[in-house]
Amino acid sequence: MLTHCVRNLLSTHASILNMRHCSKTLALQHARGLCRASASQDLEKESLLQLFVDRYYISPGQTNMQLFQRGRSCRYGPLGTELRRNVLDQWWHSVSRSGAQVFGISSVNCIQDGEQYGCGQLRITDSENFAQTLEQKDLSNEQLIQKMRMLLQRAPSVRTDFLQGALEQFVPSLKLVNRKLPFGLAETGLCFQASDGSGCPAEVTQTSLVWFCSAHTSSQWLDHWARVRLKWWRKFALSPSDFSSSEVPEEELKQAASRGVRIMYNFPWGQEPLETLWSRGETELLQMYKEVRSQLQYRDGRKSVPHVVSVSGNMDRGLMAFLSNSLQQLKREDAKLKLRQRKVLKLHPVLTPVKVALVIGRGATVELRQVCEGLLQEFMEAKISAWPGYLETVQTSMEQLSAKYDEMGVLFTVVISENTLESGLLQVRSRDTTIKETMHISEIKNFLSRYISAADNI
């Protein structure tokens, strides 16, 4: 017969074993849950990217899709190219019309060795010269290393950001503004970024604003530009709360920076940065101009050197954010009262690549095409991007066309029919409401112009 103490000991031991078993089971269930969540996110990501391929935003190919998903410049399709142009135009308008003094500049992409910021950057070298050097068997290891080092040092470097170009332009620009602060230098274009684990550097479409201000106002200007930039992203968003800003933790600050702010987007697979703002102080300016403070001093009566605030954005990831944010999946009933999902790319009217699609209804095809071509010419002259749906060769129903144009993000679909030839009336369908209105052909251009202009001013 077991004593009370022994029974208690055995009972406790059994409980511990049972708890360990439960812990393992819970851990296994948690891991399985994470795997299912991860698999679901991957499936959602692939579905999203495939839609952008199918609707002409990015070119097909697994590598191209992965580049875009990682926030790298990829091969864009016709609609993606137009969307990128619209986004960059709006970024430029935002910084140049902000009430601050901002000038555009253009720096070179490739810098020959010997210039002061070639060191430590990505370099371009001739692969044949590289291979020939490696094949020289008469060289010792030390000689080979020395020769390879010299080959790389002579190779030109490519820019990884626009900061150095802006710092170079500071002194001429300071003269332009009669040595008065603050002012900024802005630039957009392609930069190279080091490998993110894929083993190959990639191009990124970057935006850059480098702001020069006094030391005692640099923190306020950082806060100002953080508010302006977050407001800009949210202006074009269908769900503004997915865009947010946060302070960069102290352990992640760059060497020259005293503060940093990131503009983030909450993708279905997690948060990623779109823009980063740094309060960089005066160190980099002084390094650029070899500590010659007299060249850098502005008019404040104290012979001070300006402080630098930089705003750098990844617009390839920005495009992905706008596309992801604008995609809605809505349920609708079809003609047979079956419940179906309707995907709609509700891009902001200013950003959407195609404002209107022109399609033909019933009637004399030749005459209707002539009307469509006349309208297309009118839209082009008014700088309203139009899709020539009347050139479609595959027979599709109006419902299928509407679904296709909704996924492309087309704002309005205009149907030209026999009724247009008789009375000048055409049908206009809205992407966002699906409401169909009848409008006279002479009114459609002004209607579209007013609609886009009103959306831009909100």
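This is a guided tour of the structure, giving selections to make in the viewer and what each one contains.

**Before starting**

The model is predicted, so local features are given only at pLDDT of at least 70 and side-chain atom pairs only at pLDDT 80 or more, whereas totals for chains, interfaces and linings use all residues. Residues are numbered from 1 along each chain as its sequence is written, and side-chain values use heavy atoms, with hydrogens and water left out.

**Whole protein**

Begin with the entire protein in cartoon view. It contains 15 helices and 16 strands; these are DSSP runs numbered from the N terminus, helices being H or I of at least four residues and strands E of at least two. Of the 458 residues, 42% are buried, where buried means under 20% relative accessible area, exposed over 50%, and partly exposed in between (1.4 Å probe, protein chains only). The exposed surface is about 24900 Å², with carbon and sulfur atoms supplying 52% of it; areas follow the Shrake-Rupley method with a 1.4 Å probe, and for residues only the protein chains shown count as cover. Among contacts with a separation of 6 or more, 65% link residues 24 or more positions apart, a contact being heavy atoms within 4.5 Å.

**Confidence**

Next, colour by pLDDT, the predictor's confidence in each residue from 0 to 100. The mean for the protein is 85, and 85% of residues reach 70 or more. Select residues 1-32: pLDDT stays under 50 there, and the model has 2 contacts beyond four places in sequence for this stretch. Then select residues 114-120, where pLDDT is also below 50, with 10 contacts in the model beyond near neighbours in sequence. Where pLDDT is low, the predicted coordinates should not be read in detail.

**Ser59**

Select Ser59, in the loop between helix 1 (4-54) and helix 2 (62-69). Its relative accessible area is 18%, so Ser59 is buried. Apart from neighbours within four places in sequence, Ser59 is in contact with Val53, Asn64, Arg75, Tyr76 and Gly77.

**Strands 1, 4, 5, 9 and 8**

Show strand 1 (residues 102-104) and strand 4 (residues 183-193), which run parallel and are joined by 3 bridges. Two strands count as paired if DSSP finds at least two bridges between them. Phe103 stands opposite Leu185 in strand 4. Add strand 5 (residues 202-213), which pairs with strand 4 in the antiparallel sense over 11 bridges; here Gln193 has Ala202 of strand 5 as its bridge partner.

Moving on, strand 5 pairs with strand 9 in the antiparallel sense over 8 bridges, and Trp211 has Val309 of strand 9 as its bridge partner. Strand 9 (residues 307-314) is mostly covered, with 7 of its 8 residues buried. Strand 8 (residues 270-281) also runs antiparallel to strand 9, joined by 6 bridges; Ser279 stands opposite Val309.

**Aromatic cluster**

Select Trp232, Trp233, Phe236, Phe243, Tyr265, Phe267, Trp269 and Phe322, which form one aromatic cluster. Rings of Phe, Tyr and Trp (its six-membered ring) pair if their centres lie within 6.5 Å; planes under 30 degrees apart count as stacked, over 60 as edge-to-face, and the rest as tilted. By this rule there are 23 aromatic pairs. Trp232 and Phe322 are edge-to-face, at 6.1 Å centre to centre with 65° between the planes. Because Trp232 lies in helix 8 (residues 218-235) and Phe322 in helix 11 (residues 315-326), this pair ties together parts that are 90 residues apart in sequence. Both Trp232 and Phe322 are buried. Phe267 and Trp269 are stacked instead, at 4.9 Å centre to centre with 10° between the planes; these two residues are buried as well.

**The five-stranded sheet**

Finish with the open sheet of 5 strands, ordered 13-12-14-15-16 with mixed pairing. Strand 13 (386-387) and strand 16 (436-440) are the edge strands, each pairing on one side only. Strand 12 (residues 356-360) and strand 13 run parallel, joined by 2 bridges, and Val356 has Ala386 of strand 13 as its bridge partner. Add helix 15 (residues 444-456), which packs on the sheet and touches strand 12, strand 14 (412-416), strand 15 (425-430) and strand 16. The direction of helix 15 makes about 175° with that of strand 14; axes are lines fitted to C-alpha atoms, for helices over the stretch in contact, and angles run from 0 to 180 degrees between N-to-C directions.

Lastly, select Ala364, in the loop between strand 12 and helix 12 (365-381). Ala364 counts as partly exposed, at 33% relative accessibility. The C-alpha atoms of Ala364 and Ser417 are separated by 8.3 Å, although the two are 53 residues apart along the chain.
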